[in-house]
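Biologist: Could you walk me through this one, please? I have a few questions ready.

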Amino acid sequence: MRRIPLTADSQPTRSRIDRALSLFTDVRNGEGALALLMLVNIFLLLICYSVIKTVREPLILLGGGAELRSYAAAGQAVVLIAFVPLYSWLASRVDRTKLLVGVTLFFVACIELFAVAVTQRVPYVGVAFFIWVGIFNISLVAQFWSFANDIYTKDAADRLFPIIVIGMTAGAPLGSVVAGRLFGLGIAPEVILQIAAALLVPSIGFYLWMHGRDRRSAEAHEPMSSLHGGFTLVLGNKYLRLVALLVVLLNVVNTTGEYLVARMLTNHVGQLALADPTFNKQAFIGAFSGNYQFWVNVVALLLQAFFTSRLLKYRGLGGVLLALPLIALGGYAIIAAGVGFSAVRWIKTAENATDYSVMNTARQLLWVPTSREEKYKAKQAIDTFFVRAGDVISAGVVLIGTHQLHLDAQQFAIANIALTIVWLGVALLILRPEPVSTPGLRRLVPAAAAIALLLVAAVPASAQESREEHLAAQRAAKSQRLTEYKLDPLEHRLGRVESALSAFSRDGLYPFVGGVMSGGGMAAGPGYRGRYADSGNWDVHAAGAPQPD
């Protein structure tokens, strides 16, 4: 296996950094400095992206609205079809240093150009910026992990990747906080973009330093000889096809789950508003979303810092790769059983936190056994196009499920159960490619479909029975609190007056005696009462009252 000498010819000594990072995982002598630098690099990349993402929202929403935003999201997938071959073409013609530095400088230049365009108020700059951000974030992060897989051996990656992913887990929420503070201080979007560009520049120095420390053969200093593109590499390799399918299924299940949370949140807010007319829906949704994301980030950071490395050490790649689909399978089974919104919120918190920590580490480790060309070219294809493809498929699932099949939240959860079963099958094929055959995966699909059909038939019926039992219990409890209504003396007198006056009523006409307006005195006049439909009635009367002198 390839090794990365981290010092000169002498045996490296154990530094303070090595000892400090050993709190989180097994760090050997001389490995801490490079691992810490990798952590800082991805940390700054994620802060930069989070700042840029925050700038993106007002530009697209104020420049075109939510509808144009949805069209721009679809445009990202189209642009990625062109971007992936372009990246592969560049990787085949320049060495590793020029590829890393050149792509990073390209994105820095793009940020500067967008800052100028925002300042000059160029039409539709928000749309172009939205599409560009969708490429920027996943492309640079994918390139970082391509480099990490290129310089680390499998043994070192298993031990050190959990530390490096801490930078991702901590950088994203911190970047959102920084961007929010900058907007709160009234700083213009073009100035915030300049700050984001400044955060990206140090990555160039990090790559140059780390590239110089990688004293392997001259392979890294030469362009990749093959002219195969990223899509060709993925489609031509069974292992990479399985990785791509796993990424698509992961995104479909997770994005559909987010739709479930949004749908149940909307229904929950509507019920609260019916109970209290003064209820502030917008404030509740905003507070819920902030609290929800806060706990996702906190749990993800704790999992990444103290759990992921230990799971990887004792259960290997299978432990971290299967953790998320198993959690998702159990979570959506609970949702399908008809639990309330509060339980769904914490189920999705657990799923997202595991995705951002444990699963993120597993996805990067999948690339350790691949070739150098596959690490750079194929990874760009999978981490960009196939990730977005999962989002598009999820949107189709939601569209068909809501408008064609009219599925409720529990039935959407059942659909996710079926998809998760297939996801587990794909993960097992990746872990054990030899003993598990492709027909085995094919048999999982009808099995998952059969389970889904059984649950679709059973869950709504049981949920309806539970609902009817709940309503019956409520009616019974209410009936026990009811007492016979007793008329007070005034109501008795008015009843006798009305009975006496009814003798003069003919064909709906009756003499009216009473008040005609709030605060008015006694008035009298003719009235007419009629009926409509089976049980409706209407009443009109005119009355006059003596006026004081």
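Biologist: Happy to start small: which residue caps the N-terminal end of α4?

Modeller: First, this is a predicted model, where local features need pLDDT of at least 70, side-chain atom pairs count only at pLDDT 80 or more, and totals for chains, interfaces and linings use all residues. Residues are numbered from 1 along each chain as its sequence is written, and side-chain values use heavy atoms, leaving out hydrogens and water. A side-chain oxygen lies 3.2 Å from the backbone nitrogen of Thr97, and the residue that owns this oxygen is Asp95.

Biologist: How far apart are the end C-alpha atoms of helix α4?

Modeller: Helices here are DSSP runs (H or I, at least four residues), numbered from the N terminus. The expected span is 1.5 Å times one less than the number of residues, so the 24 residues of α4 (residues 96-119) should span 34 Å. The model agrees, with its end C-alpha atoms at 35 Å.

Biologist: Is Phe107 buried or exposed?

Modeller: Buried means under 20% relative accessible area, exposed over 50%, and partly exposed in between (1.4 Å probe, protein chains only). Phe106 has 46%, so Phe106 counts as partly exposed. Phe107 has a relative accessible area of 1%, so Phe107 is buried.

Biologist: What kind of aromatic pair do Phe106 and Phe107 form?

Modeller: Rings of Phe, Tyr and Trp (its six-membered ring) pair if their centres lie within 6.5 Å; planes under 30 degrees apart count as stacked, over 60 as edge-to-face and the rest as tilted. Phe106 and Phe107 are 5.2 Å centre to centre with 65 degrees between the planes, which makes the pair edge-to-face.

Note on methods
Helices (H or I, at least four residues) and strands (E, at least two) are DSSP runs, numbered from the N terminus. A polar contact is a pair of N or O atoms within 3.5 Å; within protein, one must be able to donate a hydrogen and the other to accept it, and residues adjacent in sequence count only if both atoms are side-chain atoms.
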